[in-house]
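Work through the exercises below with the sequence and the 3D view open beside you. Try each task before you read its solution.

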Amino acid sequence: MTKLHVTTSINGEEVDFLCEPQQTLLEVLRETLGRTGTKEGCATGDCGACSVLINDRLVCSCLVLAAEAQGQQVTTVEGIASEEGLHPIQQKFLEHAALQCGVCTPGLVIAAKALLDRDPDPDETTIRYWLAGNLCRCTGYDKIIRAVQDAAKTLAHPA
Amino acid sequence: MGAFAYVAPTRLDEALTVLSEHASQGRRAQVMAGGTDLLVQMRSVDREPRTIVDIKKLAETNRLDLASDPIFIGAAIPSAVLNENADFVALLPGLAEAADLIGSTQIQGRATLGGNLCNASPAGDTIPAMIAVGAVCVIAGRGGTRRLPVEDFVTGVGTKALRPDELLLGLEVPKPAPRSGDAYLRFIPRTEMDIAVAGCGVSVTLDDSGTCTAARVGIGAVAPRALLVPAAAEALIGSKLDDAALAAAGRACSEASSPITDKRGTADYRRKVVGVLCRRAGAIARDRARGN
Amino acid sequence: MVRVVFPNHLLSHTGGEREVEVAARNVRELLEALERRFPGSRDALRKSAVAIDGQIYQDAFLEPLEPGAEVFFMQRIEGG
Amino acid sequence: MAEAVDFKVIGTSPVRPDGVDKVTGRAQYGADLNLPGMIYGRVLRSPHAHARIKRIDTSRAEAIPGVYAVICGRDFPRGQSGEIGGEGGGDVADLAKNVMARDKVLYHGHAVAAVAARSPRIAEEALAAIEVEYEVLPPVLTLEQAMRPDAPLLDEHLYTKNLPEKPDKPSNIAAVMQLARGNVDEGFAQADVIVEGEYKIPMAHQGYIEPHACVANTNEAGQSTVWCCTQGHFEFRAMTAKVLEMNVADLKFIPSEIGGGFGGKTVIYLEPLAVLLSRKSRRPVKMTMSREEVFRATGPTSGTWIKIKVGAKKDGTMTAASAWMAYEAGAFPGAPMGPGAMSIFAPYNLPNFKVEAFDVLVNKPKVAAYRAPGAPQSMHAMECAVDELARKLGMDPIDLRLKNAADEGTQAPYGPKFPPIGLKACLEAAKRHPNYTRPKPPGAGRGVAVGFWFNVGMQSSAEVHINENGTVTVVEGNPDIGGSRASMCLMAAETLGVPYQNVRALIGDTESTGFSNVTGGSRTTFATGMAVVKACEDIIAQCKARAAATWGLDESQVEWQDGHAVPAPGVNADVKPLSLADIAANAARTGGPLLGRASLNAQGAGASFSVNFGDFAVDRDTGKVDVLSFTAIQDAGRAIHKAYVEGQMQGGAAQGLGWALNEEYIYDENGVMQNAGFLDYRIPVASDLPMIDTEIIEVPNPSHPYGVRGVGETPIVAPLAVASNAVRDALGIRINELPLSPPRILAAIEAAEAGAR
């Protein structure tokens, strides 16, 4: 099988990899590049655990071919915190106990970031519909919604 | 057994050459836009190797022209991009709604009107909405470009009037006349993330007195393919789009449907609910046409 | 003496006796007494949980029994 | 101690110690381990719901380049028998046949072979090359069908257990159970009002977001290390050892972080396959399930068919109740009909009752534990009946429940008298809750229901290490599925009198800490927490002894206060209190490192009761139900980490509501599940739910040093009947089958309208 050579940027860092044409970005991130922060919950785009940003656009990495990453900017959960520490969304998820098992959390952090980058002051309904593609089976979503609301406040008025 | 390949041509003639070469050699090529249906199918029902032709790098499939009449919507524009365009949403709110209902935020970042149409599912959300606004497919092939109304494009469950050496470039939608409005509603058991159990798109145009002078109604998920329902339009045209007219149009939709019973709903349920959706979408389209 | 109550599914081992009085100072002695009294009941009894005066023990053996204590044999509980 | 409510850290909600790794993607879950030279295992699954395996030919698969091992039923030991204790246990032979079919496949998706290959794609290619010849048998798919005397048999050697006399012919009914008290006929004769109902609930899945995954690595001596996501690595080790007839000492299980379980990860599926494939290929083998495999081949919970009858006097006093209930076991015996039968009447003081329950085989996956196994189904029937009773009597549904509520000293239907319980406190809290006293939104219906779970204790071990600077490391053996590390740290900090930030908890593998039963049965905070507290008390005793030695006092002259050794009151000693850090710093001179430990079989897990209510709207044109508000009130005994207790209540409510409104296993006539994915197995999404209001009631459990009751399971129980009762209230129609899906509701509305005409 002919492998494709792909040059892409992951969390601001240039990355090269070889992949098969039908391999997904999720599979390459996890199995080839060892970046397992992005999770697989369904591989059919129904759960959002594999959410990443491609050129700041929220997508499921299970529904993106790895080959499509050529020349794109990919952001994964590993690239959300900075030298200064956790991103406010991550911090608020912790403070609000918005994770129990935590396996949906990477996808939710990414999705929430995509939302707040576009809409710094979303209402509860907007948050709920934006995050409808990120399944969480543990929390009932209550604390997740509150964490995102609180993160929006923090981002609007940094301490 | 062949092998998978991936190409992402940047020029239309390159893309068409790949398709026609594969067609003539009896090899399988498949056009990919957002890939949200294709990748799922590749891992489940249809694992056969093929060459994937990614059309997202073509200029034409990414073109959105709202100034022209007809409007042109490139086949590879993700629904999230369409919905971020305030002019598009203002012009075709019903079609925008339908595009906004395809899957999650994540899916909308990739899924396209062109892909939704080419997937040819009976339940594709944007298809009845496109039918309602009179959208026409612009199809490119080696011999040139041809046009086909959306209601004639899908021929059955998963089948379409597209030759293996052709690709869907985009959709032309007649610019809505003054005092026009469109709307799309679908029914799903949850609030998000489901495939439509029934869907209905309605567009109407009113005269100065508020009488409906033109209407189109499309229904989805209630037949092997999305349908244009002329009888529903006839029930609306000439009326003030009052409850009685809307109810008559709803009945026409129920009568035009030939649904199945499956894991998503019973035939009986779908037949009834498509009528409910027609009434409700008709009222929304009417209010939009009235400007309120 | 302690009062012992069996659930329906153990009655086939007790010859249909639902309640008995047994002299025992702890669960070990109780089990031994019951096994002598109802031959062949050992596995079924030892697989059961017991409730001693309202407190449920999944694996009782050394627990002391006060005179007059009530011991219910019951199905073990599992959870998710 | 339980009465001393002046806690320093218990009842607060600090950030969990493993939190940062979980929000940054560092935490390693089941599928996240990659080893050098690792290959990939995949499972071939039955395309039939019921068939005899005539022949399996793996030779073509073995010949494919890149394929390193192929296994099927004949590669497993034949002789397994006996029982496995603990969670997810049961009969060894059944467990062995469930992980890999031998002579028969019993459900669509049943494993028949497995391969390990260089890449997942080669492994899948190899699966396609395995030839299996089946003799297809008629599938048994419903309880009605399975219980008929002439039904096709799943197991020709299965005779119904617990009948007064051994039956003369085999049956799909694996076992019956009866529970009774008083005289039901007399009880019903005393009743002024009697309600009867018949309820059906379909199979439902735990729906954890992380699919099952493991990596097994076997060396030349046959010793295997298995990394996996599990609710209990010690039990996984035990089960794998039994199924493969291995020495427990040759198996090491390392638990990864776990992405949800809810009971579903108390059972092995992939682990023995990975061990065998690794042994055969002499390479590390990674196996992960697809979401489809999770639905088709792991244990959901039972679908049920329940008939119920309840009688009461005019003043609301219940006089009698009876229930007949059949539970789907799936392919092998083991439906949770026992706890279902024992819980159905638990909230009520009933002088006369009778329950008859059946464990019934059907050609569907073998059920596994799911949050309060068996109780949501049975208690749904009772709570619907109580709701109907309240309507007939014209009583407020909470008042009716208060009138009959079990309390301390009430004899529970399953035998013993209740120790202190919080049911009345929960009902009273519900009655005065602002969400209950406010009027219903126009057109909406309101439903109320009670929930209950026994809770269990079981075995736990814990060690507490005091580091040289006085910080604390807690080592225990329960995978942290919902913040339990934080709870352990809180209890350790409280007991030792040190700041929460000074305590860290880690979960040891099977070789680095003592045995612990699963994280399940709502037992971890209760039982493992008790072990942690005892291990801390061990440390305190040692610290007191060392302080006494340091000061030249007798041990009895030293006390432990706020994290310091101090001379006891009245002891005349001119010494400075010694902190844990002081004692740790001087440990080398006073006897070496400070290590406390405890192991126990925790008894006295206090039952946890709940009361839930909610307002629901129904669209009468489409049958769609919207949850407008939901309130969960529950007795936690003592909330150690308040936010995670609320989280259990909210998460359980969401799961119960999902089951009530949309979730179900849908089968075609061949026994093929039609909705094996998150697209059509519709768990609630964020936009489906409102905020879920919670109120924690604290009626301390006298058996736990801090009064803890397990809280994890009770929350799923009440929401089913809350939804049913709310829809009943909104429509005036009782729908007796879940889920309350739009087509079912619309059909019920139309049938009622047709009946009224």
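**Exercise 1.** What volume does the second largest cavity have?

*Solution.* The model is predicted, so to speak, by computation: local features need pLDDT of at least 70, side-chain atom pairs count only at pLDDT 80 or more, and totals for chains, interfaces and linings use all residues. Residues are numbered from 1 along each chain as its sequence is written, chains are lettered from A and ligands numbered from 1 in the order in which they are written, and side-chain values use heavy atoms, with hydrogens and water left out.The second largest cavity, a set of points on a 1 Å grid over the protein atoms alone where a 1.4 Å probe fits but cannot get out, has a volume of about 180 Å³. Among the 17 residues that line this cavity (an atom within 4 Å of a point), those closest to its centre include P189(B) and V625(D).

**Exercise 2.** Which residues of chain D lose the most area to chain A?

*Solution.* Begin with the contact (heavy atoms within 4.5 Å), which takes 57 residues from chain D and 48 residues from chain A. The buried area, the accessible area (1.4 Å probe) lost by the two parts and summed over both, is about 4200 Å², and carbon and sulfur atoms give 56% of that. In chain D, V23(D), R121(D) and M691(D) lose the most, together 18% of what that side buries.

**Exercise 3.** How many salt bridges join chain D and chain A?

*Solution.* Look for a side-chain nitrogen of Lys or Arg within 4 Å of a carboxyl oxygen of Asp or Glu; the count between the two chains is seven. One salt bridge links D32(D) with R30(A), at 2.7 Å from N to O.

How values were computed
1 Å grid on protein atoms, 1.4 Å probe; cavity = no way out; pocket = protein on both sides within 12 Å on 5 of 7 lines; lining within 4 Å. Points joined across faces, edges and corners; volume = space filled by probe spheres on them.
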